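Please examine the structure shown below. The paragraphs that follow consider its covalent cross-linking, its nonpolar interior and the confidence of the prediction.

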Amino acid sequence: MVVGVVVAACAAPVVDPVRNGQGRITFVDSQDLSNRQIKLRVDQWNAQAGRHQQVTYLPLPSPTDAYRAQLMARAQDLVGARGDVQAQCYDVMTLDVVWTAEFAESGYLAPLTPDEFGMDRYLSAAVASTVDERGRLWAVPWRADVGVLYYRSDVLSGKGLGWPTTWPELERMAERLGPEHGLAGYVGQLDRYEGLTVNALEAIWAHGGDADVRWDSPEVRAGIGTLVRGVEEGWIPPEALTYKESDSLKEFMEGRALFLRNWPYARVLLESSPLKGRFKMAALPGPGALGGWNVAVSRCSKHQATARKFIRFLTDEDSQRALLEQAGYPPTLRALYREPELNARLPHLGVLRTAVENARNRPRSAHYDEVTRVVQGAVHASLRNPGSLEAELRQLAADVTRAKSGR
């Protein structure tokens, strides 16, 4: 079911000349492997647009935290600024799905109208990341992302086994087959950063938990406890406590791990590695975390009509199809998952469809940055000291409640 969205009448001034403003705009995005395709799309826009509605494309440096900090600093600098604000404004911003609520509540985004963007065409989970608790729309889903499982198909097929569909199955295979083949059983992203929050949530959801309600519930304890037990028993190598995406991918790509939790982009890289033909991708044994990027219009923009038109162009089927084929990003438009030609050329599209349809969002909060910080601290401490799990989760429940309130 598609999430319903409305825009309150009071969300924008009755007289707002910038809403209908047309002119040159600046579009910012975080640098990653999709930048070449995005630049091509911007070039196509500029080739057909008039010279007064050209788009300047500005890919800002990674990592993601640095990109967020630069966006936030620019938005804060322009609040109440005088002079030529347009020359400094990032008219169209690409936002991580977990930042949208924070930027909206801070007053940095212009409200959008659902009908203008055909929001009923998008995946429900993706739409949920673009609206606030009152249902007001602040962004449009663009590049989806979701946690998936990579596995050594040569090893499993040699034992007559398919991929694990539950955590207990994964645990048994990792514990038994890993050492038998000289492989680490399972690697994910367990360093103390956003990836750890995502990995923890996926384990919690797979055990029936909902960390958005209670962080000290038995289901949360079971989910995080599985990761803790994996490190303690050795089927998750202790080195994984320092792994981010690239580290865990390297471990799997170089033939040292049986299972890998990562994002769909990794498939493109693995297909050109020595593991080509010896691995497969599957949905996680439980819901994956929905990641990805939304696009929003900055409130500081004086040319918001051009900005909205550019977003419609950027998020259309042609753009999303190119990002899927060239960079591996799952689409946010439902129709692309049903295209017979795409499914014939991309056998993994069915896996992505299953993973995205079952995906969940991380807790929505204008103070998400603080929420994830306390989660990372508690989970990482538990992984390093298994005996502290109970105490860490009791404290975490109180810390998350405090963080969500902005205290």
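One disulfide is counted in this predicted model. The bond joins Cys89 and Cys300, whose sulfur atoms lie 2.0 Å apart, within the 2.5 Å cut-off applied to such pairs. The link of Cys89 and Cys300 is right-handed, with 75° about the S-S bond. Cys89 belongs to the loop between α3 (85–88) and β3 (92–96), while Cys300 belongs to the loop between β9 (290–297) and α13 (304–314); the disulfide therefore ties together parts that are 211 residues apart in sequence.

The two partners can also be described by their accessibility. Cys89 has a relative accessible area of 1% and is therefore buried, because the limit for that class is under 20%. Cys300, at 23% relative accessibility, counts as partly exposed.

Attention now turns to the nonpolar interior. The largest nonpolar core comprises 77 residues, and those with the most contacts inside it are Tyr150, Trp215, Ile224, Phe259 and Leu383. Helix α9, spanning residues 194–206, gives the most to this core, with seven residues. A second core, separate from the largest one, has 30 residues, including Ile38, Leu137, Leu314 and Ala327.

Finally, the confidence of the prediction should be considered. The mean pLDDT of the protein is 91, and 93% of its residues reach 70 or more. Over residues 5–15, however, the pLDDT is below 50. In the model, this stretch has 21 contacts beyond near neighbours in sequence.

How values were computed. Residues are numbered from 1 along each chain as its sequence is written. This is a predicted model: local features need pLDDT of at least 70, side-chain atom pairs count only at pLDDT 80 or more; totals for chains, interfaces and linings use all residues. Side-chain values use heavy atoms; hydrogens and water are left out. pLDDT is the predictor's confidence in each residue, from 0 to 100. Contact means heavy atoms within 4.5 Å. Helices (H or I, at least four residues) and strands (E, at least two) are DSSP runs, numbered from the N terminus. Buried means under 20% relative accessible area, exposed over 50%, partly exposed in between (1.4 Å probe, protein chains only). A nonpolar core is a set of buried Ala, Val, Leu, Ile, Met, Phe, Trp, Tyr and Cys residues joined through side-chain atoms within 4.5 Å.
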